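Biologist: Got a minute to walk me through this one? I'd like to go over it strand by strand and then look at the metal.

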Amino acid sequence: MRPYILGETNWKALKDAQFELAVLPWGATEAHNYHLPYATDVIESDFLAAESAKIAWNKGAKVIVFPTIPFGVNTGQSDIYLDINLNPSTQYAILNDVIDTLNRQGIHKLLVFNSHGGNNWKSIVRELGLKFPSMFICVSNWFKWPDKSNYFDEIGDHADEVETSLMLYLKPDFVLPKENWGSGKEKTHKIKAFSEGWAWAERKWSQISEDTGVGNPELATKEKGERFFKAISNKMGNLLYDISKADINDLYE
Ligand SMILES: [Zn+2]
(Lines give C-alpha, C1' and ligand atoms only; values in the text may rest on other atoms or scores of the structure.)
Protein backbone atom coordinates (compact mmCIF):
# COMPACT_ATOMS: atom_id res chain seq x y z
CA MET A 1 0.00 0.00 0.00
CA ARG A 2 1.81 3.06 -1.26
CA PRO A 3 0.89 6.28 0.61
CA TYR A 4 1.38 8.43 -2.51
CA ILE A 5 -1.09 6.43 -4.67
CA LEU A 6 -4.66 7.62 -4.06
CA GLY A 7 -6.21 4.38 -5.29
CA GLU A 8 -4.26 2.38 -2.70
CA THR A 9 -4.44 4.58 0.38
CA ASN A 10 -7.43 5.08 2.68
CA TRP A 11 -9.47 7.54 4.70
CA LYS A 12 -7.61 6.67 7.89
CA ALA A 13 -4.39 7.86 6.30
CA LEU A 14 -5.96 10.78 4.45
CA LYS A 15 -8.38 12.40 6.86
CA ASP A 16 -5.67 14.62 8.34
CA ALA A 17 -3.29 14.55 5.37
CA GLN A 18 -2.05 17.59 3.50
CA PHE A 19 -0.62 17.14 0.06
CA GLU A 20 1.36 19.73 -1.87
CA LEU A 21 0.96 18.36 -5.36
CA ALA A 22 -1.64 16.23 -7.15
CA VAL A 23 -0.50 14.19 -10.15
CA LEU A 24 -3.08 13.18 -12.74
CA PRO A 25 -1.75 10.58 -15.18
CA TRP A 26 -3.54 10.64 -18.53
CA GLY A 27 -3.28 7.94 -21.17
CA ALA A 28 -5.31 6.68 -24.13
CA THR A 29 -6.87 3.42 -25.28
CA GLU A 30 -5.77 2.74 -28.82
CA ALA A 31 -4.10 0.32 -31.21
CA HIS A 32 -0.29 0.20 -30.86
CA ASN A 33 1.04 -1.55 -33.97
CA TYR A 34 0.03 -5.24 -34.06
CA HIS A 35 1.94 -6.26 -30.98
CA LEU A 36 1.37 -3.87 -28.06
CA PRO A 37 -1.81 -3.71 -25.94
CA TYR A 38 -4.46 -1.02 -26.35
CA ALA A 39 -3.67 0.13 -22.79
CA THR A 40 -0.01 0.84 -23.57
CA ASP A 41 -0.29 4.56 -22.74
CA VAL A 42 -2.23 3.75 -19.56
CA ILE A 43 0.35 1.20 -18.41
CA GLU A 44 3.22 3.60 -19.13
CA SER A 45 1.35 6.29 -17.18
CA ASP A 46 0.67 4.03 -14.21
CA PHE A 47 4.23 2.81 -13.83
CA LEU A 48 6.05 6.04 -14.64
CA ALA A 49 3.85 8.24 -12.45
CA ALA A 50 4.09 5.80 -9.52
CA GLU A 51 7.87 5.46 -9.73
CA SER A 52 8.37 9.21 -10.11
CA ALA A 53 6.12 9.88 -7.13
CA LYS A 54 8.03 7.33 -5.07
CA ILE A 55 11.28 9.13 -5.78
CA ALA A 56 9.75 12.53 -4.91
CA TRP A 57 8.05 11.12 -1.79
CA ASN A 58 11.29 9.60 -0.52
CA LYS A 59 12.93 13.02 -0.81
CA GLY A 60 10.15 14.51 1.32
CA ALA A 61 7.62 15.80 -1.21
CA LYS A 62 3.94 15.41 -0.37
CA VAL A 63 2.64 14.14 -3.70
CA ILE A 64 -0.47 12.12 -4.45
CA VAL A 65 -1.01 10.25 -7.72
CA PHE A 66 -4.58 9.95 -8.97
CA PRO A 67 -5.94 7.03 -11.01
CA THR A 68 -4.91 7.24 -14.66
CA ILE A 69 -7.58 8.57 -17.02
CA PRO A 70 -7.75 5.72 -19.55
CA PHE A 71 -9.12 7.53 -22.64
CA GLY A 72 -7.43 10.23 -24.69
CA VAL A 73 -7.92 12.28 -27.83
CA ASN A 74 -8.13 9.89 -30.80
CA THR A 75 -9.92 12.10 -33.32
CA GLY A 76 -7.47 11.06 -36.06
CA GLN A 77 -8.07 7.34 -35.45
CA SER A 78 -11.86 7.33 -35.73
CA ASP A 79 -11.85 4.44 -38.21
CA ILE A 80 -9.50 2.23 -36.16
CA TYR A 81 -11.56 -0.35 -34.34
CA LEU A 82 -12.16 0.45 -30.65
CA ASP A 83 -9.79 3.39 -30.47
CA ILE A 84 -11.86 5.27 -27.92
CA ASN A 85 -11.92 9.01 -28.53
CA LEU A 86 -12.32 11.54 -25.75
CA ASN A 87 -12.88 14.96 -27.29
CA PRO A 88 -10.75 17.89 -26.11
CA SER A 89 -13.91 19.54 -24.75
CA THR A 90 -14.56 16.41 -22.63
CA GLN A 91 -10.99 16.57 -21.35
CA TYR A 92 -11.61 20.18 -20.42
CA ALA A 93 -14.74 19.16 -18.48
CA ILE A 94 -12.96 16.35 -16.60
CA LEU A 95 -9.98 18.51 -15.75
CA ASN A 96 -12.28 21.33 -14.66
CA ASP A 97 -14.04 19.05 -12.17
CA VAL A 98 -10.80 17.60 -10.80
CA ILE A 99 -9.35 21.09 -10.35
CA ASP A 100 -12.57 22.31 -8.74
CA THR A 101 -12.12 19.68 -6.00
CA LEU A 102 -8.42 20.45 -5.51
CA ASN A 103 -9.01 24.19 -5.41
CA ARG A 104 -11.81 23.85 -2.84
CA GLN A 105 -9.70 21.56 -0.65
CA GLY A 106 -6.52 23.59 -0.77
CA ILE A 107 -4.24 21.49 -2.97
CA HIS A 108 -3.09 24.25 -5.28
CA LYS A 109 -0.68 22.39 -7.54
CA LEU A 110 -1.64 19.94 -10.24
CA LEU A 111 0.55 18.17 -12.76
CA VAL A 112 -1.13 16.45 -15.70
CA PHE A 113 1.23 13.51 -16.29
CA ASN A 114 0.51 13.05 -19.95
CA SER A 115 1.39 9.85 -21.82
CA HIS A 116 -0.38 10.29 -25.16
CA GLY A 117 0.72 12.55 -28.00
CA GLY A 118 -2.84 13.30 -29.17
CA ASN A 119 -3.70 14.94 -25.84
CA ASN A 120 -3.04 18.68 -26.26
CA TRP A 121 -3.16 20.59 -23.03
CA LYS A 122 -1.93 24.11 -23.58
CA SER A 123 -5.22 25.75 -24.51
CA ILE A 124 -7.11 23.81 -21.83
CA VAL A 125 -4.58 24.71 -19.14
CA ARG A 126 -4.56 28.37 -20.21
CA GLU A 127 -8.35 28.54 -19.91
CA LEU A 128 -8.53 26.70 -16.57
CA GLY A 129 -5.63 28.74 -15.19
CA LEU A 130 -7.64 31.87 -15.81
CA LYS A 131 -10.69 30.33 -14.17
CA PHE A 132 -8.79 29.09 -11.10
CA PRO A 133 -6.20 31.80 -10.34
CA SER A 134 -5.05 30.17 -7.07
CA MET A 135 -4.07 26.99 -8.88
CA PHE A 136 -0.72 26.15 -10.46
CA ILE A 137 -1.62 23.79 -13.29
CA CYS A 138 1.13 22.24 -15.40
CA VAL A 139 1.70 19.41 -17.86
CA SER A 140 4.56 17.01 -18.55
CA ASN A 141 5.18 14.91 -21.65
CA TRP A 142 7.82 12.33 -20.71
CA PHE A 143 7.82 10.96 -24.27
CA LYS A 144 9.15 14.30 -25.54
CA TRP A 145 12.26 14.02 -23.41
CA PRO A 146 15.06 15.36 -25.66
CA ASP A 147 17.61 12.78 -24.58
CA LYS A 148 15.98 9.68 -26.09
CA SER A 149 18.72 9.15 -28.67
CA ASN A 150 21.10 8.16 -25.85
CA TYR A 151 18.84 5.22 -25.09
CA PHE A 152 17.48 4.06 -28.44
CA ASP A 153 18.67 3.46 -31.99
CA GLU A 154 15.54 4.41 -33.91
CA ILE A 155 13.02 6.79 -32.41
CA GLY A 156 9.53 6.99 -33.87
CA ASP A 157 6.43 8.31 -32.24
CA HIS A 158 3.91 5.55 -31.70
CA ALA A 159 4.43 1.89 -30.74
CA ASP A 160 8.04 2.39 -31.81
CA GLU A 161 11.31 1.11 -30.34
CA VAL A 162 10.79 3.33 -27.27
CA GLU A 163 7.30 2.12 -26.38
CA THR A 164 8.03 -1.48 -27.30
CA SER A 165 11.15 -1.47 -25.08
CA LEU A 166 9.19 0.05 -22.21
CA MET A 167 6.44 -2.54 -22.51
CA LEU A 168 8.97 -5.38 -22.76
CA TYR A 169 10.28 -4.17 -19.41
CA LEU A 170 6.97 -3.27 -17.71
CA LYS A 171 4.50 -5.87 -19.04
CA PRO A 172 6.31 -8.48 -21.17
CA ASP A 173 3.30 -10.82 -21.04
CA PHE A 174 1.25 -8.24 -22.95
CA VAL A 175 3.70 -7.97 -25.88
CA LEU A 176 3.20 -10.36 -28.82
CA PRO A 177 6.26 -12.32 -30.02
CA LYS A 178 8.55 -10.53 -32.42
CA GLU A 179 7.30 -12.22 -35.59
CA ASN A 180 4.09 -10.19 -35.12
CA TRP A 181 5.73 -6.77 -34.96
CA GLY A 182 4.87 -4.51 -37.89
CA SER A 183 7.51 -2.19 -39.33
CA GLY A 184 5.73 0.98 -38.18
CA LYS A 185 6.45 2.56 -41.55
CA GLU A 186 4.95 6.02 -41.85
CA LYS A 187 3.83 7.87 -44.96
CA THR A 188 4.74 11.54 -44.90
CA HIS A 189 2.67 14.42 -46.22
CA LYS A 190 2.93 15.39 -49.89
CA ILE A 191 2.81 19.05 -48.87
CA LYS A 192 6.24 19.50 -47.32
CA ALA A 193 5.31 22.24 -44.84
CA PHE A 194 3.33 19.66 -42.86
CA SER A 195 6.21 17.21 -42.56
CA GLU A 196 8.61 20.05 -41.73
CA GLY A 197 6.44 20.87 -38.75
CA TRP A 198 5.75 24.56 -39.29
CA ALA A 199 2.27 23.92 -40.65
CA TRP A 200 -0.02 21.42 -39.00
CA ALA A 201 -2.94 19.23 -39.99
CA GLU A 202 -4.13 16.17 -38.13
CA ARG A 203 -2.76 12.95 -39.54
CA LYS A 204 -5.34 10.43 -40.80
CA TRP A 205 -3.78 7.55 -38.97
CA SER A 206 -5.15 4.69 -41.08
CA GLN A 207 -3.71 6.41 -44.18
CA ILE A 208 -0.22 7.05 -42.84
CA SER A 209 0.41 3.62 -41.28
CA GLU A 210 -0.58 0.11 -42.25
CA ASP A 211 -0.07 -1.49 -38.84
CA THR A 212 -1.04 1.62 -36.74
CA GLY A 213 2.58 2.00 -35.59
CA VAL A 214 4.75 5.01 -36.40
CA GLY A 215 8.39 4.08 -35.89
CA ASN A 216 10.19 0.76 -36.29
CA PRO A 217 10.13 -1.37 -33.11
CA GLU A 218 12.66 -3.90 -34.43
CA LEU A 219 15.59 -3.02 -32.17
CA ALA A 220 13.50 -2.82 -28.99
CA THR A 221 14.76 -4.70 -25.94
CA LYS A 222 13.75 -5.07 -22.33
CA GLU A 223 17.16 -3.73 -21.24
CA LYS A 224 16.70 -0.51 -23.22
CA GLY A 225 13.24 -0.18 -21.66
CA GLU A 226 14.56 -0.62 -18.14
CA ARG A 227 17.36 1.90 -18.59
CA PHE A 228 15.01 4.47 -20.07
CA PHE A 229 12.31 3.85 -17.45
CA LYS A 230 14.76 4.50 -14.65
CA ALA A 231 16.15 7.63 -16.28
CA ILE A 232 12.70 9.09 -16.95
CA SER A 233 11.45 8.24 -13.46
CA ASN A 234 14.43 10.00 -11.93
CA LYS A 235 13.95 13.04 -14.09
CA MET A 236 10.21 13.12 -13.40
CA GLY A 237 10.76 12.43 -9.69
CA ASN A 238 12.93 15.52 -9.48
CA LEU A 239 10.31 17.53 -11.34
CA LEU A 240 7.60 16.39 -8.92
CA TYR A 241 9.81 17.31 -6.00
CA ASP A 242 10.62 20.73 -7.46
CA ILE A 243 6.96 21.55 -8.10
CA SER A 244 5.95 20.32 -4.63
CA LYS A 245 8.46 22.57 -2.93
CA ALA A 246 8.04 25.62 -5.19
CA ASP A 247 6.36 28.81 -4.00
CA ILE A 248 3.77 29.36 -6.74
CA ASN A 249 3.82 33.09 -6.05
CA ASP A 250 7.56 33.29 -6.57
CA LEU A 251 8.45 31.14 -9.56
CA TYR A 252 10.83 33.34 -11.55
CA GLU A 253 14.38 34.57 -11.19
ZN1 LIG B 1 1.56 5.04 -26.90
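Modeller: Sure. Keep in mind that this is a predicted model. Let's begin in the sheet: strand 3 pairs with strand 4 (residues 136-141) in the parallel sense, over six bridges.

Biologist: How does the chain get from strand 3 to strand 4?

Modeller: The chain goes through helix 4 (residues 122-131), and this β-α-β crossover is right-handed.

Biologist: And which residue in strand 4 is the bridge partner of Phe 113?

Modeller: That's Ser 140.

Biologist: What about strand 1, how does it pair with strand 3?

Modeller: Strand 1 (residues 21-26) pairs with strand 3 in the parallel sense too, over five bridges. There, Trp 26 stands opposite Asn 114.

Biologist: Is strand 3 buried or exposed?

Modeller: Buried: six of the six residues in strand 3 (residues 109-114) are, so the strand is largely enclosed by the rest of the structure.

Biologist: Which of its residues point which way?

Modeller: Lys 109, Leu 111 and Phe 113 point one way, while Leu 110, Val 112 and Asn 114 point the other, and all are buried. In a regular strand, side chains alternate between the two faces of the sheet.

Biologist: OK, metal now. What are the protein donors of the zinc ion?

Modeller: His 32 through NE2, Asp 41 through an OD atom, and Glu 163 through OE twice, at 1.9 to 2.7 Å from the zinc ion.

Biologist: And what is the site like, going by the angles?

Modeller: Irregular, with angles of 53 to 148 degrees among the four donor atoms.

Biologist: Where do Asp 41 and Glu 163 sit?

Modeller: Asp 41 is in helix 2 (residues 40-58) and Glu 163 in helix 5 (residues 161-170), 122 residues apart, so the pair links distant parts of the chain. Both Asp 41 and Glu 163 are buried.

How values were computed. Residues numbered from 1 in each chain as written. Predicted model: local features only at pLDDT ≥ 70, side-chain atom pairs only at ≥ 80, totals over all residues. Heavy atoms only, no water. Buried < 20%, exposed > 50% of the residue type's maximum accessible area, 1.4 Å probe, protein only. Helix = DSSP H or I, 4+ residues; strand = E, 2+ residues; numbered from the N terminus. Pairing = 2+ DSSP bridges. Right-handed = clockwise from strand over helix to strand, strands pointing away. Donors = N, O, S within 2.8 Å, 3.2 Å for Na, K, Ca; no water. Tetrahedral: all angles 85-135°; square planar, octahedral: opposite > 155°, others 65-115°.
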